[in-house]
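Biologist: I should like to learn how to read the features of a protein model. May we go through them one at a time?

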Amino acid sequence: IFITFCALSKAKGMEINMRSDKRRVVLVGCGMVGMSYAYAMLNQNTVDELVLIDVNRLRAEGEAMDLNHGLAFSGSHMRIWAGDYNDCNNADIVVICAGVAQAPGESRRDLLKRNMEVFKSIIDPITESGFNGIFLVATNPVDIMTEITYKLSGFNPRRVIGSGTALDSARLKYLLGSYIQADPRSVHAYVIGEHGDSEFVPWSNALLATKPIDDIIAESKGKLKMEELSRIEEEVRTAAYKIIEAKRATYYGIGMRLTRITKAILGNENSVITVSANLRGEYGQNDVFVGVPCVVNSSGIQRILEISLTDEEKAKFAESCEELRQTYDELNEK
């Protein structure tokens, strides 16, 4: 049947392509975050082609070689190589992990001035290559760097995504699941706002399956306490600082989370993930990139999933958005 189909197709002038389009991701920045992402991508066989770009070309070549040597053990058929910005032309996603590392005691926003210059040297050659896919930004401070990417690229904001509070939300589910003795995958709770000091947990939306966490604590007969929720929220907020103090950088968690976002895009999953997105009226906010639950698919951010917030939570969210706006405005004044 296949041979007959091919013969008929040739007779009608139809071109047969035996291979489907290749899923290509270009990774810019081969530091610890970037390579943790690349390693997770390799182990999960996420893409067909992975291109590594770094200001240090030799490092990118060495990382590509090292990853390729692990192909035989991964069950993956990925093609991995050190490339240049021209390789972005046919890419589905460009993931930006480039930037200077966060120093001990340094806030994410303190990185802004240094990383702004880095991005100016990255975005232009990517867009000049003809790239027409989706930007996925991980560099901190991620909300601001995602907005910078949007402004420099001129892309539709739905195709410019920051990793946002995706990792913070994963940390929350892990810690909350441990406290109430439940599988974190069954915990539905989010961290929203800035990926930084003004982020917060809207506890009114925290659920185990479909049961509110407040109800679970109330029914525990004193075994679980509401005060512990504040401790968990603070632990989530300061987790990165503690990791940086202990080992100088965070990378495994964000590498895994970037892979999850990548799979949601390439698989057209319509998955809900808390990423940094451009608000245009949602939550009463405009013209700010901030971490909120979004439906993510092959078009990027298919829509922002606006959750119900209490008046207190709305006020916290507004404050977080305003802090981000002020930071961005200060950048433009310099």
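The dialogue below turns to pockets, a helix and a small sheet.

Modeller: Please keep in mind throughout that this is a predicted model.

Biologist: Let us begin with the pockets. What volume does the largest pocket have?

Modeller: The volume of the largest pocket is about 890 Å³. Its lining comprises 44 residues, and those closest to the centre are Val33, Cys97, Gly99, Val100 and Ala101.

Biologist: Which elements give two or more residues to the lining of the largest pocket?

Modeller: They are α2 (32–43), α5 (112–128), α7 (166–180) and α9 (227–247). The largest share comes from α5, with four residues. Sorted by class, the lining of the largest pocket holds 25 nonpolar, 14 polar and five charged residues.

Biologist: How should I describe the second largest pocket?

Modeller: In the same order of steps. The second largest pocket has a volume of about 370 Å³. It is lined by 15 residues, of which Ala170, Lys173, Pro184, Arg185 and Arg257 are the closest to its centre. At least two lining residues come from each of α7, β7 (187–188), α10 (252–266) and β10 (271–280). By class, this lining has seven nonpolar, four polar and four charged residues.

Biologist: Next, how does one read a helix?

Modeller: An α-helix has 3.6 residues a turn, so residues three or four places apart point the same way. As a case, take α6, which covers residues 142–153. This helix of 12 residues reaches 16 Å from its first C-alpha to its last, close to the 16 Å expected at 1.5 Å a residue.

Biologist: Is α6 mostly covered or mostly exposed?

Modeller: Helix α6 is mostly covered, as nine of its 12 residues are buried. Here, buried means under 20% relative accessible area. Among the buried residues of α6 are Val142, Ile144, Met145 and Ile148, and also Asp143 and Glu147.

Biologist: Which residue follows α6?

Modeller: Gly154 follows α6, and its phi is positive, near 75 degrees.

Biologist: Finally, how does one read a sheet?

Modeller: Strands of a sheet pair through backbone hydrogen bonds, either parallel or antiparallel. In this model, one open sheet has three strands in the order β7-β8-β9, and the pairing is antiparallel.

Biologist: Which strands stand at the edges?

Modeller: The edge strands are β7 and β9 (211–212); each has a single partner strand, so one side of each lacks a neighbour in the sheet. Strand β8, residues 207–208, is joined to β9 by two bridges. In one of these strand pairings, Leu208 has Lys211 of β9 as its bridge partner.

Technical notes:
Residues numbered from 1 in each chain as written. Predicted model: local features only at pLDDT ≥ 70, side-chain atom pairs only at ≥ 80, totals over all residues. Heavy atoms only, no water. 1 Å grid on protein atoms, 1.4 Å probe; cavity = no way out; pocket = protein on both sides within 12 Å on 5 of 7 lines; lining within 4 Å. Points joined across faces, edges and corners; volume = space filled by probe spheres on them. Nonpolar A, V, L, I, M, F, W, Y, C, P; charged D, E, K, R; others polar. Expected span 1.5 Å × (residues − 1). Buried < 20%, exposed > 50% of the residue type's maximum accessible area, 1.4 Å probe, protein only. Pairing = 2+ DSSP bridges.
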